[in-house]
Amino acid sequence: MTRRFALMIDPVAASEEREDFSGTFTAVDAAAPALSVGELSTQRGDGVFESIGVIDAHAQEVVPHLERLAHSARLCDLPVPHQEQWRQAVAVAAAECGEGEWVIKLILSRGVEHGPTPTAWVTAAPAADFSAVRVDGIRVVTLDRGYDLHVAERAPWLLLGAKTLSYAVNMAALREAHRRGADDAIFLSSDGFVLEAPTASLVLRVGERFVTPAPNGGILHGTTQLSVYEHLSARGFEVGYAEIPASDLVKADAAWLVSSVRLAAPITAVDGTALPVDAALTAELNQYLLSPRD
Ligand code: PLP
């Protein structure tokens with residue numbers, strides 16, 4: 001049986017001043033039911049989440065994930081999670097992870113309708129094995145997301161920059177990619193710019209320069225993309241954010257989808273057009289992403 005671990009968190013006021021939060025979360029049987037049938041907000045996807053990669057019991061980039069969880073909570077008018085409380089809960093969950101690659105999920109939902117507090121929990125489980133895909137790469141198709149590049153400013157209630165529990169659209173896009181014979185998808189804005197993948201950020205190499213779509217509220221700011229940029233900058237490469245026309249995708253010298261658990265997956269084809277793969281740099285990026293980082 002797969003080993004899993006779960007903690008229910010009692011969200012405390014963000015202003016609470018204490019050093020030890022261990023009394024505010026409780027380990028529960030991960031195989032047993034834990035949510036009330038009145039937990040309508042979770043059923044509606046009215047909440048936010050994070051997925052953190054864990055390598056040999058070390059949780060990666062915890063602070064950037066907690067900051068993004070707080071950012072998502074603010075966008076959704078949820079009580080902002082207490083960073084130190086969640087950091088301690090993640091540390092307890094990470095200590096339960098065995099060797100190899102695991103994933104810790106943080107979930108904060110609005111809770112029982114008209115209830116006093118949100119519902120919050122943390123789980124840990126072994127990750128899928130992505131070692132082959134990090135080398136062999138993925139074929140992607142571009143899919144219209146149906147919104148223009150600046151919709152987030154006009155319609156913040158679409159919550160495009162928040163990592164909400166409502167991932168049904170993202171999962172539908174992945175199924176559509178599979179139907180079209182590809183492994184993954186890249187969303188395009190209706191005005192023809194590159195956005196992100198359903199569960200990953202896009203990084204392009206153009207000569208000695210690396211570019212990723214600007215996280216202007218319409219897409220998530222990926223923690224893995226930030227780490228990749230840190231590494232590339234330290235190696236002396238130029239990195240930047242830009243509005244990238246869809247037609248630039250097939251002109252790239254290399255491209256990757258990067259995310260916390262799959263890490264750097266090189267893109268081998270876009271809509272059936274082959275893309276060059278930089279095998280050496282891909283291996284270097286994954287080696288870096290697998291090394292312990294805070
Ligand atoms: N964009 C979307 C829509 C995602 O769901 C994710 C991760 O799940 C990412 C980008 C990449 O984020 P990260 O690198 O923090 O995993």
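## A walk out from the ligand

Start at the ligand: 17 residues surround it, and Lys-163, Tyr-167, Thr-223, Thr-224 and Ser-260 come nearest. A residue is near the ligand here if one of its heavy atoms lies within 4 Å of it. Keep in mind that this is a predicted model, so local features need pLDDT of at least 70 and side-chain atom pairs count only at pLDDT 80 or more, while totals for chains, interfaces and linings use all residues. Residues are numbered from 1 along each chain as its sequence is written, and side-chain values use heavy atoms, with hydrogens and water left out.

Now for the polar side of the site. Tyr-167 puts a polar side-chain atom 2.5 Å from an oxygen atom of the ligand, and Lys-163 has one 2.7 Å from a ligand oxygen atom. Glu-196 deals with a nitrogen atom of the ligand instead, with a side-chain N or O atom 2.8 Å away. Taken alone, the ligand exposes 390 Å², and the protein buries 95% of that; these accessible areas come from the Shrake-Rupley method with a 1.4 Å probe, and for residues only the protein chains shown count as cover. The elements that give two or more residues to the shell are α2 (62-75), α7 (223-234) and β12 (254-259). Helices (H or I, at least four residues) and strands (E, at least two) are DSSP runs numbered from the N terminus. By type, the shell splits into six nonpolar, eight polar and three charged residues, where Ala, Val, Leu, Ile, Met, Phe, Trp, Tyr, Cys and Pro count as nonpolar, Asp, Glu, Lys and Arg as charged, and the others, Gly among them, as polar.

Follow β12 onward and you reach Arg-262, in the loop between β12 and β13 (263-270). Arg-262 counts as buried because its relative accessibility is 13%; buried means under 20% relative accessible area, exposed over 50%, and partly exposed in between (1.4 Å probe, protein chains only). Its side chain makes a polar contact with the side chain of Asp-184 at 2.8 Å. A polar contact is a pair of N or O atoms within 3.5 Å; within protein, one must be able to donate a hydrogen and the other to accept it, and residues adjacent in sequence count only if both atoms are side-chain atoms. Leaving aside neighbours within four places in sequence, Arg-262 is in contact (heavy atoms within 4.5 Å) with residues including Phe-130, Ile-138 and Leu-257.

Helix α6 holds Ala-173, which counts as buried because its relative accessibility is 7%. Ala-173 and Leu-143 are 30 residues apart in sequence, with their C-alpha atoms 7.5 Å apart in space. Not counting residues up to four places away, Ala-173 also touches Ala-185, Phe-187 and Pro-198.

Two backbone oddities deserve a look. Most residues other than glycine have a negative phi. Asp-77, however, has a phi near 55°; this residue is in the loop between α2 and α3 (83-96), and at 64% relative accessibility Asp-77 counts as exposed. Leu-159 has a positive phi of about 60°, sits in the loop between α5 (151-154) and α6 (168-179), and is partly exposed at 27%.

Finally, zoom out. The chain has eight helices and 14 strands. Among contacts between residues at least 6 apart in sequence, 70% join residues at least 24 apart. Buried residues make up 50% of the 294 in the chain.
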